[in-house]
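Got the model open in your viewer? Here is a short tour, one selection at a time.

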Amino acid sequence: MSGIAFPEQNHILDALPPAERERIFPHLKLVTLPLGSVLYEAGDALRHIYFPTDSIVSLLYVLENGSSAEICVVGNDGVIGVSLFMGGETTTSRAIVQSAGSAYRLSGRRLKQEFERQGETMHILLRYTQALITQMAQTAVCNRHHTVDQQLARWLLLSLDRLPDNKLTMTQELIADMLGVRREGVTDSAGKLQKLGVITYSRGTIRVLDRQRLEHLSCECYAVVKRETDRLLPARRADGLGPP
Amino acid sequence: MTARIAAAGLAPANQLLAGLRASDRRRLIAQCDPIELGFEEVLCEAGERIRYVYFPTTGFISLISAVDKSSNLEVGLVGSEGMLGSSLMLGVEIASLRALVQGAGSALRMDAARFVRELKRSPHLRERLNLYLFVLITQLTQMAACARYHLVEARLARWLLMTRDRAHSNEFRLTQEFLAYMLGVRRAGITRAASNLQKRRLIRYSRGSMHILDARGLEAVTCECYANAAQLYSRVLT
C-alpha cells in the first residue's frame, strides 16, 4: 500500500491500447483490500472484477467439510473474476486477500460491454485465463506430489513476483490455509528456510533474503507457471511504468 | 465429403454440439470428420501446438497435468458432454495439458484454424462454448481439491462414476497402473482401494476389465465432488 496507486501498476490494464483505456479507466474504482478479507465466497453472484496493483488474492476451492485448497494466486499480473466473462454468473471458489494492498474494481456490466466488442481487452483477458488454467493444473499436481518444503518455496516465489518488494506480511495460519496443510507443517518448513538463511520470519512478516536459493529449493512448478505466464501475457511496456 | 455427411447423423451424440444453435451446429458439423480414438492414444502433449479440436461421441479423453514421468494427476475428463481444444477459445494455440484417450470410441474432429474462424464468425457460438470452459475450469479446481483431501477410495469411486458416465456403460477397460497414474497415487494404494470396493460388491475387477455392479453403492462411497460436478454441468449447460 505504498505511494500513489495508478491503473498501469496492474499488468493487464497496462497492456490495454489507448482506446480501451479511455473507455475503461474512468470506470475503475480504487479499493483497499485488507489482509484476510474475503472478496467473495463460492456461490456468490459475481458483481465486479478486480485488478490488483500491490495486493495479492488467493482463490481457494472449499470442500463441504470446510477444508480448502489454494488453486491460484492473483496479483498485479492478473484479474480476479474470470468466471464473469465466461458467462458463469456465480463463483465456484473463495477469493481471499493474502497480502494487503489495493486493487482497481470494475463492474461486471462494464466488463461485459467491453467483451461484446471482441477487442483487445477480450483477447488479453482470455489469454490471462489460459495462464490461470496452467497455474491451477500445476498447483493441483504439485499439491499431490511435492513436499510442504517445496510447496512453501513455490508459494513464496509466486507471491514475491507479485509484490513491489521482498517483504510479505502473512500469518502462518493463512499460509497453512493456502497450502492446505496443518500449521505445524508450515512452521517446520519456514523454520528450515530461516535456518538456511533464505528467509527471516518474525511477527507476521516474511522477508526473502536469498531468492536464488529459494528458487533452487522450490519444485519445478514455480518455473513452469512463471514461464507460461510470461509467454501468455503481454510484455510490460518499455518504460516499465505508467504515468505517475 | 461422404464421411462428413455421415458425421452429421452422429452429431446429437455430442451434447455440446447438440446444445448449439442450429445454424452454428450445422456449420461446425459440416467441417468435422468422424474418427476413431484408440485406447491410450495421446492426442496432444502439453506444450504442443493444437492441430485439431475433438467432440467425442462415444470415446473419452483424460486431461493430465504432469511434472515428470511418474508424477501426474488427471485434472479433467472429456466425453460426449464436452470438447478437447478449448484453449483455442482463449486465443492460445498451445496445449497446456496432455490429452490421453482413456476410452476408445468415436469422435468428431475439426481443424483448429477452421474452429477459430467459426468462433470469430459467431458470437453465439463463443458464448455457448465459454460456458463449457467455465465448467471445465471448475472441474479442474474441484479435482485439485479432491486430490488434496479425499481418500483414495472415495476418489477411486468418483473416478469410476465419471468414467461410467462417459463410457455410457458399466464395463470398461482399465489397468491398475493407469488408475495409479490418473489419481497420482502408488499402485499399492489403488489395489487396496479397489479390493475394498470389490469386497462390498460394488465393482468386479479382473484382468484389465472393470465392471461396475452397483453405481448407487459407489455414489454412497464417493466424495461430494462427483455430484457437484454433475450438478454444475446441468445448471450451466442444460
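**Start in the core**

This is a predicted model, and a good first selection is V79(A) together with A144(B): of the 156 residues in the largest nonpolar core, these two touch the most other members. Next, colour α5(B), which gives the most to this core, with 14 residues.

Stay on A144(B) and show what surrounds it. Leaving out residues up to four places away in sequence, A144(B) touches Y61(A), A69(A), I71(A), M136(A), T139(A), A140(A), N143(A) and V75(B).

**Where the chains meet**

Now bring up both chains. How many residues of chain B are in contact with chain A? The count is 32 residues of chain B, against 33 residues of chain A. To see what builds the chain B side, select β4, β5, α5 (123-149) and α10 (224-237) of chain B, the elements that give two or more residues to it. Which element supplies the largest share of that side? It's α5(B), with 16 residues. Colour the chain B side by class and you'll get 18 nonpolar, 11 polar and 3 charged residues.

**Two domains in chain B**

Hide chain A for a moment. In the domain assignment, chain B has domain 1 at 2-122 and domain 2 at 151-222. Give each its own colour; taken over C-alpha atoms, the centres of domain 1 and domain 2 of chain B are 25 Å apart.

Zoom in on where they touch: 12 residues of domain 1 of chain B are in contact with 10 residues of domain 2 of chain B. On the domain 1 side, pick out β4 (60-66) and β5 (72-78) of chain B, the elements that give two or more residues there. The largest share of that side, 4 residues, comes from β5(B). By class, the domain 1 side has 4 nonpolar, 7 polar and 1 charged residues.

**A small stop in chain A**

Bring chain A back and select β8, β10 and β9. These 3 strands form an open sheet in the order β8-β10-β9, with antiparallel pairing. Why do β8 (167-169) and β9 (199-202) of chain A each have one side without a neighbour in the sheet? Both stand at the edges and have a single partner strand, so one side of each is left free of a neighbour there. Ignoring direction, neighbouring strands of this sheet are turned by 15° against each other on average.

Finish on β9(A) and β10 (residues 205-208) of chain A, which run antiparallel and are joined by 4 bridges. For a last click, take S202(A): its bridge partner in β10(A) is T205(A).

Technical notes. Residues are numbered from 1 along each chain as its sequence is written. Chains are lettered from A and ligands numbered from 1 in the order in which they are written. This is a predicted model: local features need pLDDT of at least 70, side-chain atom pairs count only at pLDDT 80 or more; totals for chains, interfaces and linings use all residues. Domain bounds come from an automatic or database domain assignment. Two residues are in contact if their C-beta atoms, placed from the backbone, lie within 7 Å. Ala, Val, Leu, Ile, Met, Phe, Trp, Tyr, Cys and Pro count as nonpolar, Asp, Glu, Lys and Arg as charged, and the others, Gly among them, as polar. Two strands pair if DSSP finds at least two bridges between them. Axes are lines fitted to C-alpha atoms, for helices over the stretch in contact, and angles run from 0 to 180 degrees between N-to-C directions. A nonpolar core is a set of buried Ala, Val, Leu, Ile, Met, Phe, Trp, Tyr and Cys residues joined through C-beta atoms within 7 Å. A residue is buried if 20 or more other C-beta atoms lie within 10 Å of its own, exposed if 12 or fewer, and partly exposed in between; C-beta atoms are placed from the backbone.
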